[in-house]
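Please look over the sequence and the model shown here. Some questions on its helices and contacts come after it.

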Amino acid sequence: MTIWEMLAVFTAGVGAGAINAVVGSGTLITFPVLLATGLPPVTATVSNALGLVPGSISAAIGYRAELAGQRRRIIRLATVTAAGGIAGAALLLTLPSTAFETIVPVLVTLALVLVILQPRIARAVQRRRERRGGPGSPDGGPLLLGGLLLSSVYGGYFTAAQGIIYISLMGMLIDDTLQRLNAVKNVLAAVVNAIAALFFLFVAEFDWWAVVLIATGSTLGAQIGATVGRRLSPTVLRGIIVAVGTVAVVQLLLRRYG
């Protein structure tokens, strides 16, 4: 890489770390930059996944106050997402690079609709629980576990907009604040990225310069994103999720059909 390419990758890492801490979809910043430096798509994907691990951990640390009291929930959900992440990482090395490009914009669009409707859906779910005389599962139940497993397969494969899908599923099925669920989302993303990264270390090609630059930038950016994101109201946070997700869908469609 030239010095300017290195600066571009580092800057993209900062932006990805910040946006991942608040919403998700940071890969849509780093991945095109890595491709622009001349890396092949699979090598760029693997390098990006490795580089974003420290940023995901940094984001989880930044939201540590919101994680209080959620240990049991996190362990249960993280077990499912880890299994999905391993499957997704394996698929990356066996399927054509365009395999997910058709379905991903549909998934992200659906997730955005769920984010927008989340307050109404959550109230409807709560009313149904009250009629049935039970509080419901604090972990979202089998429906959430199944949704997280499938979305984590995608996350291990590519990761773009993975956090938005997590937030939409948890917001619909878990009765808790959006900020606390966002904190859980950061932990789950860290788990999937770390699992995929460990897999890639032994079986895939990657660029160490890209990994180091994204890791450094995303770690710094995640702390910035966590500081800002934790101060946002649920309405503002939901608006940012929808705005970023819309940009993500447009980028994905342009990559597929542009």
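The questions below deal with the overall fold, one helix pair and two residues of this predicted model.

Q: How many helices and how many strands does the secondary structure of the protein come to?
A: Read along the sequence, the pattern is α-α-α-α-α-α-α-α-α-α. The count for the protein is therefore, with helices and strands taken as DSSP runs, ten helices and zero strands.

Q: What share of the residues in the protein is buried?
A: A residue counts as buried when its relative accessible area is under 20%. Of the 258 residues in the protein, the buried share is 53%.

Q: Among contacts between residues at least 6 apart in sequence, what share joins residues at least 24 apart?
A: A contact here means heavy atoms within 4.5 Å. Among the contacts in the protein between residues at least 6 apart, the share joining residues at least 24 apart is 84%.

Q: Are helices H4 and H8 parallel, perpendicular or oblique to each other?
A: The axes of H4 (residues 71–92) and H8 (residues 178–203) come within 8 Å and cross at roughly 40 degrees. Angles under 35 degrees would count as roughly parallel, and 65 to 115 as roughly perpendicular. The crossing angle therefore makes H4, relative to H8, oblique.

Q: Is the crossing of H4 and H8 left-handed or right-handed?
A: The two axes cross at roughly 40 degrees. The hand of the crossing of H4 and H8 is right-handed.

Q: Which class, nonpolar, polar or charged, has 18 residues in the contact of H4 with H8?
A: On the H4 side, the residues that meet H8 include Arg73, Ile74, Leu77 and Thr81, and on the H8 side they include Leu181, Val184, Phe199 and Phe200. The contact has two polar residues and one charged residue, and the class with 18 is nonpolar.

Q: Which residues is Ala12 in contact with, leaving aside its neighbours within four places in sequence?
A: Ala12 is found in helix H1 (residues 3–22). It is buried, with a relative accessible area of 7%. Leaving aside those neighbours, Ala12 is in contact with Ile29, Thr30 and Val33.

Q: How far apart in space are Ala12 and Leu34, C-alpha to C-alpha?
A: In sequence, Ala12 and Leu34 are 22 residues apart. In space, their C-alpha to C-alpha distance is 9.2 Å.

Q: Which side chain does a polar contact of 2.4 Å join to that of Thr30?
A: Thr30 is found in helix H2 (residues 27–36) and is buried, with a relative accessible area of 1%. Beyond four places in sequence, its contacts include Ala12, Gly13, Ala16 and Ile214. The polar contact of 2.4 Å joins the side chain of Thr30 to that of Asn48.

Note on methods
Residues are numbered from 1 along each chain as its sequence is written. This is a predicted model: local features need pLDDT of at least 70, side-chain atom pairs count only at pLDDT 80 or more; totals for chains, interfaces and linings use all residues. Side-chain values use heavy atoms; hydrogens and water are left out. Axes are lines fitted to C-alpha atoms, for helices over the stretch in contact, and angles run from 0 to 180 degrees between N-to-C directions. Helices (H or I, at least four residues) and strands (E, at least two) are DSSP runs, numbered from the N terminus. Angles under 35 degrees count as roughly parallel, over 145 as roughly antiparallel, 65 to 115 as roughly perpendicular and the rest as oblique. A crossing is left-handed if the near helix is turned anticlockwise from the far one by less than a right angle, and right-handed if clockwise. Ala, Val, Leu, Ile, Met, Phe, Trp, Tyr, Cys and Pro count as nonpolar, Asp, Glu, Lys and Arg as charged, and the others, Gly among them, as polar. Buried means under 20% relative accessible area, exposed over 50%, partly exposed in between (1.4 Å probe, protein chains only). A polar contact is a pair of N or O atoms within 3.5 Å; within protein, one must be able to donate a hydrogen and the other to accept it, and residues adjacent in sequence count only if both atoms are side-chain atoms.
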